[in-house]
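Visitor: Can you walk me through this structure? I have a few short questions.
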Amino acid sequence: MPDRTSNGMQCNEFDLLLSDALDGVLSGSGLDRFQAHARTCKTCGPLLEEAEAGRQWLKGLTEVEPPASLVPNILASTTGVDTQRLRTTVRAPQPRVSWWEHVQASFLEPTWALVRQPRFAMSFGMAFFALSVSLTMAGVNIHDVMSISLRPSAIRHAYYSTQAKVVRYVDNVRAVYTMQAALREIKRNMSPAEPGPAKQKEHKNDTTQQPEQKQERNYSQTGEKLILAGTPVGPSDFDRILDPSNPDLPVVSVTTDRRFV
Amino acid sequence: MEDVQVVAMLVRRCIAGDAAAWEEIVQGYNRRIYNICYRFAGSSDDAQDLTQEVFIKMYRTLSSYDPSKGAFVTWVTTITRNLLVDHFRKTKQDRMTDSMDTTASDHEDAQPLSEQIPDQSAPPDAQVRQREVSETVHQALGKLSPELREAVILRDLQDMDYKEIATALRVPEGTVKSRINRGRAELARLLQRTYRQVM
C-alpha cells in the first residue's frame, strides 16, 4: 500500500484502523479522520468498500454440520474404542447370564462366526484334502485305522513291531550297510594283532583252564568211550584221523546229560 | 467457548486417562475444528481427515497444554492451523498440476467461478438461492492465498479476536489486521467479478 498522507492520515494508519472501523470500535476524532481519508484517498476508499463487502459475504456463510461419523471415528482413532457405544452398553440394564451363556457369547459365537466365513470353509476343505491325499500316499487305510486295538498290550506290541521294522529297514538300506562294512573294516585294521598259537601253547599249562576242562568233560561223556573234546590233539592224531585208509575212524557221539530237577 | 477452569479440569482428567473427559472435549470442539478445516481445505473429505488428525495430535500432546499460556481454544486452533499449513504444503504439487489443466483463475480476466454459478433466469427458491450463494462464497474463499484465507476464517467465521489470531498464527496483531482487510477485499473482488460475469 502506498504511504500517502490525506487529511492528516497515512494509508498505513488507515489500514491498521480499517478493522476497528469495520468492527465498530472506532469513534470520535479517529473515526472522523478515518472517514475523511477514505473519502479523499483513491486507494483506501475502494479498499474500505471492498473490505466491507467481503465481510458481509463472509457473514453470510453459515456453519456446516460435521458428518455423524466424525466423532465416533475420532474416538476410535484416539482412544481405540467407541466410548459412546461403550457407555451406552454400560448404562443399559444387564440381565443375569449363566456361565454357559457367557461362554457362548465370549467364545463360541465368535468362533462360530469365524468358522462360517467362506474363506475359513475353503481353507478347511483344502487342509482336509491335503491330509487325505497325504494319508493315501503313505498307505494308510481308514479301515486299518479303525481296526486298531487300543489295549495296552496291543499298543506295546505295535510299538515294538514298528521299531523292529524300522531297524530292519535302516539296516537293509544299502548306504547304511556299506557304511557299517567300512566301519568294521576300519576297526579291524585299527585293532592290535590277535595272539598267535605260541601264546595258546602257553595257556596249555595254565591252571585257570582246569575247571573249564572239567566242566566240558562232564558234558562230553558217552556210554562207550570218553572223548575229551577240550583236550588238544597232537599232529600225529590228526594224521591218523585224516588218513582215508584207516578203518577205525573214531566216531564221536555226543550225548548231553540233562539234569531234570 | 468454555470457562478456563472447566476446560483445565477436563484436560487434567484426560491426561489421567478419563475417556469420558476426552469424549467431552471431542464433542465440544469437533464442530469448530471441522468448520475451520472445511473452509480452509474446501472439501468435506479433506476436512474429515484433517479434523481427525487434529484430534489425534491433540490427544498425543494434551499434556503439553499450559493453561497459563493461553486459552484452550487458541491452543486447539494453533494445532489446527499448523496441520492445515502442512496439508497445504503437501497438496501444493497436486494443485499446481490441476491448475495447468484449468483456467488461470488468479488473472484479472479469468472466470474462476462463473461456471459454477447457476442460471439466474430461473426463479430460485430462497433456501436454494442461499445455499448457492454460500457455495459460491466458499469457492471464492478457496481462491484466496492461505495466509489471507486463514486470517479471515478465524476472524469472520470463528469470531476469534485479533490477539488470539495473532497467537495462533504466530504473527503480530497488526499483520493479522492487515491480512484480514486484504482477505476481505480480495474475496469481494473475486465475487464481484463472478457475479458481473453472470449478470
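**Core, interface and one helix**

Guide: The largest nonpolar core has 65 residues, and Val26(B), Cys37(B), Ile165(B) and Leu187(B) have the most contacts inside it. Such a core is a set of buried Ala, Val, Leu, Ile, Met, Phe, Trp, Tyr and Cys residues joined through C-beta atoms within 7 Å; buried means 20 or more other C-beta atoms within 10 Å of a residue's own, with C-beta atoms placed from the backbone. Helix H2 (residues 19-41) of chain B gives the largest share of this core, 11 residues; helices are DSSP runs (H or I, at least four residues), numbered from the N terminus.

Visitor: Is this model predicted, and how are things numbered?

Guide: This is a predicted model: local features need pLDDT of at least 70, side-chain atom pairs count only at pLDDT 80 or more, and totals for chains, interfaces and linings use all residues. Residues are numbered from 1 along each chain as its sequence is written, with chains lettered from A and ligands numbered from 1 in the order in which they are written.

Visitor: How many residues of chain A are in contact with chain B?

Guide: 30 residues of chain A are in contact with 35 of chain B (C-beta atoms within 7 Å). H3(A) gives the most to the chain A side, 9 residues.

Visitor: What about H6(A), buried or in the open?

Guide: H6(A) lies largely in the open, because the number buried among its 17 residues is 0. H6(A) also has a kink of about 40°, centred on Ala105(A); the bend is the angle between axes fitted to the seven residues ending at a residue and the seven starting there.

Conventions
Helix = DSSP H or I, 4+ residues; strand = E, 2+ residues; numbered from the N terminus. Buried ≥ 20, exposed ≤ 12 C-beta atoms within 10 Å, placed from the backbone. Contact = placed C-beta atoms within 7 Å.
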